[in-house]
Amino acid sequence: AEVVIVPTAADAGALVADEIAALIARRPDAVLGLATGSTPEPVYAALRSRLSGVDVSQVRGFALDEYVGIDPQHPESYRTVITRQVVEPLGLDPARIQTPNGALETIEHAGEDYERAIAAAGGIDLQILGIGTSGHIGFNEPGSSFASRTRVKTLIQQTRQDNARFFDSVDDVPMHCITQGLGTILDARHLFLLAFGAGKAHAIAGAVEGPVTSSLPGSAIQLHEHVTVVVDEEAASELT
Ligand code: F6R
């Protein structure tokens, strides 16, 4: 992977936003892979200026993951987060931006449906990724198969604690999610893995330099030929 160390998260956001804007200029119907959580926020913020005046009506997008059983209208469902942080501020067509369907009634085929939708769009051109303190990408927790496709997973307690800040309490964080698999993520044409802060240093070192192992799912990026890792000094601090 190419590793770029930047002074601040805002610099990382600018760098990735420039890449996305260039991609959309080349290919107005680009397919973006969208992460949620705190890490991609500077990317989405920087995209506002870069896409103002650009025709984004054909841009398509697929979120990495969604909580299972959450009300889609809940302020922290990833559908709502993507609408609030990406679709509305950037003026994208909501019909072209999809999130895995976490509704219980249809959960049995939701993974397959999502895979089919990604394939029908021609695959993901540029995938934005954060990384969990457990080393997860998407919500592929340790032990996830490198061949996995979109499916339901159980969130580990560490991840529920990490995400408790978005809810009233850790008990309100859903137990299950539906996430693109590691195999799904590896099919994207260009991966951007971002991380900021010392809390991510261990996961970044494992993902970039550690053994390729399902114990640290982010290490799957070493199997991909086009990966750009964008980190601040703190997140880079355990790289050799
Ligand atoms: C979010 C996702 C997760 C997060 C990771 C880091 O869609 O799939 O892998 O990227 O948990 O979360 P933050 O960025 O909040 O530290």
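Two strands pair if DSSP finds at least two bridges between them. Strands here are DSSP runs marked E of at least two residues, and helices are runs of H or I of at least four, numbered from the N terminus. This is a predicted model: local features need pLDDT of at least 70, side-chain atom pairs count only at pLDDT 80 or more, and totals for chains, interfaces and linings use all residues. Residues are numbered from 1 along each chain as its sequence is written.

**Stop 1: the sheet.** Select the strands. Seven of them form an open sheet in the order β1-β10-β9-β6-β2-β3-β5, with parallel pairing. The edge strands are β1 and β5 (97–98), since each pairs on one side only. Go to the β5 edge. Strand β3 (residues 60–63) runs parallel to β5, and two bridges join them. Pick G61: its bridge partner in β5 is I97.

**Stop 2: strand β10.** Now select residues 227–232, which are β10. Five of its six residues are buried, meaning that 20 or more other C-beta atoms lie within 10 Å of a residue's own (12 or fewer is exposed, in between is partly exposed; C-beta atoms are placed from the backbone). Five bridges link β10 to β1 in the parallel sense. One residue pair to show is V3 with V229 in β10. β9 also runs parallel to β10, joined by five bridges. Here L191 stands opposite V227.

**Stop 3: V227.** Stay in strand β10 and select V227. Why does V227 count as buried? Because it has 22 C-beta neighbours inside 10 Å. Leaving out residues up to four places away in sequence, V227 touches A1, E2, L191, L193 and I221; contact means C-beta atoms, placed from the backbone, within 7 Å. Check A1: its C-alpha atom is 5.0 Å from that of V227, though the two are 226 residues apart along the chain.

**Stop 4: helix α7.** Select residues 201–209. The buried residues of α7 are A201, A203, I204, G206, A207 and V208. They pack against β1 (2–6), β9 (190–195) and β10 (227–232). Together, β9, α7 and β10 make a right-handed β-α-β unit. Right-handed means that, with the strands pointing away from you, the path from the first strand over the helix to the second runs clockwise.

**Stop 5: the ligand.** Select the ligand and the 14 residues around it, those with a C-beta atom, placed from the backbone, within 6 Å. G37, S38, T39, G130 and G132 come nearest.

Technical notes: Two residues are in contact if their C-beta atoms, placed from the backbone, lie within 7 Å.
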